Amino acid sequence: MKKPSKQQVFTLLVEVGRSTDDGLPKGATGAALMCYASGVDEAEAVRETVAILKQADLAPLDVSGYGTLDERLSEGHDISDDEKDLMQRALDENSVIIAQMTPFFEDDAQA
């Protein structure tokens, strides 16, 4: 008998480009999204996140995984209670939570 799969929450940083109706600010060339996504493994969390962002008319270009809460804590990451609450919500709702969106502008590349 197989044990039920254990959902975990993964921290993902997703870089998006521009697309029609993406809701990014005028003049932005794209954005970075900090997401908390549930999945049985990181690959599933990435697939779910990319699918949801595409449904929201965003154009995912690249995804960087930062692991689970336990993995991040073991690496010495400082994680606020607000972040932990959002991670718990992603787990409870079996969903993807976009915690932060940082638009990119052409001038940023020259910094």
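Start by selecting Glu83, Met87 and Ala90: these are the buried residues of helix α3. They span an arc of only 55° around the axis, which puts them on the same side of α3. The model you are looking at is predicted.

**The helix itself**

Now select all of α3, residues 81–93. The helix has 13 residues and reaches 18 Å from its first C-alpha to its last, close to the 18 Å expected at 1.5 Å a residue. Turn to the other side of α3. Asp81, Asp82, Asp85 and Asp92 are exposed there. Step just past the end of the helix to Asn94, which takes a positive phi of about 50°.

**What the helix rests on**

Which elements do the buried residues of α3 pack against? Show β1 (8–17), β2 (28–39), α2 (69–74) and β4 (96–105): those are the partners. Look at the angle next. α3 lies across β1, β2 and β4, and runs at about 65° to β2.

**The sheet**

Add β3, residues 59–68. You now have 4 strands in an open sheet, in the order β3-β1-β2-β4, with antiparallel pairing. β3 and β4 are the edge strands, each pairing on one side only. Neighbouring strands of this sheet are turned by 20° against each other on average, direction ignored.

Zoom in on β1 and β2. They run antiparallel and are joined by 9 bridges. For a landmark, pick Gln8, which stands opposite Gly39 in β2.

**One residue in β1**

Select Thr11, in strand β1. Is Thr11 buried or exposed? At 2% relative accessibility, Thr11 counts as buried. Leave aside its neighbours within four places in sequence and show its contacts: among them are Met34, Cys35, Tyr36, Tyr66 and Arg72. Met87, from the opening selection, is also in contact with Thr11.

**The nonpolar cores**

Next, select Leu12, Val14, Val16, Leu33 and Cys35. These have the most contacts inside the largest nonpolar core, which has 14 residues. β1, β2 and α1 (42–55) each supply at least two residues of this core. The largest share, 5 residues, comes from β2.

Stay on Cys35. Beyond its neighbours within four places in sequence, Cys35 is in contact with residues including Phe10, Leu12, Val14, Thr49, Val96 and Ile98.

Apart from the largest core lies another, of 6 residues. Select Val9, Tyr36, Ala90 and Ile97, which are among them. Ala90 brings you back to the start: it is one of the buried residues of α3.

Notes:
Residues are numbered from 1 along each chain as its sequence is written. This is a predicted model: local features need pLDDT of at least 70, side-chain atom pairs count only at pLDDT 80 or more; totals for chains, interfaces and linings use all residues. Side-chain values use heavy atoms; hydrogens and water are left out. The expected span of a helix is 1.5 Å times one less than its number of residues. Buried means under 20% relative accessible area, exposed over 50%, partly exposed in between (1.4 Å probe, protein chains only). The arc is that of the directions from the helix axis to the C-beta atoms. Contact means heavy atoms within 4.5 Å. Two strands pair if DSSP finds at least two bridges between them. Axes are lines fitted to C-alpha atoms, for helices over the stretch in contact, and angles run from 0 to 180 degrees between N-to-C directions. A nonpolar core is a set of buried Ala, Val, Leu, Ile, Met, Phe, Trp, Tyr and Cys residues joined through side-chain atoms within 4.5 Å.
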